[in-house]
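New to this one? Have a look at the chain below, and then we'll walk through it together.

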Amino acid sequence: MGAMRMLGWGVLLLSTACGASRTAVTKAEPGTGGSGMASDESAIASTTRRYVDEDLGFEIIRPTAEWQLDETNERTPEGLAIPVILRHRVTGAQVVLQVAPGVATPVQFAERLTQGLRQQPGFTTTDPQPIALSDNAVGFDFQVGEGVRGKVAVREGNSGRVLMMLATWPTEATAGITESVDALMAGVRPLPEPSVAVRAPSAPEKEPGDPR
């Protein structure tokens with residue numbers, strides 16, 4: 001993936017995360033996927049905080065019910081999936097999840113995205129650093145003007161995919177929101193790779209004259 005395409009990916013994510021005018025549809029969140037509609041009342045009352053997308057190979061464990069999960073089924077012009085957006089009901093923080101083909105490592109994704117965002121007016125970012133989500137996860141913090149703070153986390157998914165999370169929150173939000181964002185990002189994980197059936201060893205063939 002070229003740097004410009006990766007930059008477009010990140011800018012689209014940031015626009016989605018920061019956009020306050022976007023209308024979202026709340027759907028049911030059963031433990032095995034996001035099929036079916038649910039009323040707002042039942043969605044809020046639901047105690048199920050595990051969301052699974054078997055097609056894209058990830059699960060999300062929301063740390064608290066304050067995080068609302070909205071399915072989007074959106075795609076970038078390059079065809080990259082934006083399957084869900086999570087919103088914190090109290091603070092207005094948002095986390096946008098992007099699932100991309102693993103055409104670059106998490107470090108390469110983060111480095112190129114950092115370089116691209118630094119070219120945008122009003123953006124400042126830290127340098128990408130390893131983070132504790134996984135052995136190969138990397139992330140960085142950023143700020144947009146005086147009103148928006150955020151962070152990006154990139155980790156490998158399954159089946160050759162890459163999971164990228166882009167979080168934003170108002171600058172005036174309390175320090176506890178970063179802990180809540182971190183807890184949510186830790187709850188976004190790749191599903192285990194499909195297991196490969198192990199064939200039982202066959203019995204050795206009988207030698208000529210073997211009485212077996």
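How many bridges join β8 to β9? Seven, and the two strands run antiparallel. Keep in mind that this is a predicted model.

Let's step back for the overall picture. The chain has 212 residues, and 41% of them are buried. Its secondary structure comes to four helices and eleven strands. Take the contacts with a separation of 6 or more: 48% of them are between residues 24 or more positions apart. As for the outside, the accessible surface is about 11,200 Å², with 53% of that belonging to carbon and sulfur atoms.

Now back to strand β8, which covers residues 138–144 and is mostly covered, with five of its seven residues buried. Here is how β8 pairs up, with one pair of facing residues for each partner strand:

| Partner of β8 | Bridges | Direction | Facing residues |
|---|---|---|---|
| β6 (residues 123–125) | three bridges | antiparallel | phenylalanine 123 and valine 144 |
| β7 (residues 129–130) | two bridges | antiparallel | proline 130 and valine 138 |
| β9 | seven bridges | antiparallel | valine 144 and valine 148 |

So what links β8 and β9 in their hairpin? Three residues lie between the strands, and glycine 145 takes a positive phi near 60° there.

Further on, the loop between β9 (148–156) and β10 (161–170) holds serine 159. Serine 159 isn't a glycine, yet it has a positive phi of about 55°. Is serine 159 buried or partly exposed? Partly exposed, because its relative accessibility is 47%, and that class lies between the 20% and 50% cut-offs.

Methods:
Residues are numbered from 1 along each chain as its sequence is written. This is a predicted model: local features need pLDDT of at least 70, side-chain atom pairs count only at pLDDT 80 or more; totals for chains, interfaces and linings use all residues. Side-chain values use heavy atoms; hydrogens and water are left out. Buried means under 20% relative accessible area, exposed over 50%, partly exposed in between (1.4 Å probe, protein chains only). Contact means heavy atoms within 4.5 Å. Accessible areas come from the Shrake-Rupley method with a 1.4 Å probe; for residues, only the protein chains shown count as cover. Two strands pair if DSSP finds at least two bridges between them.
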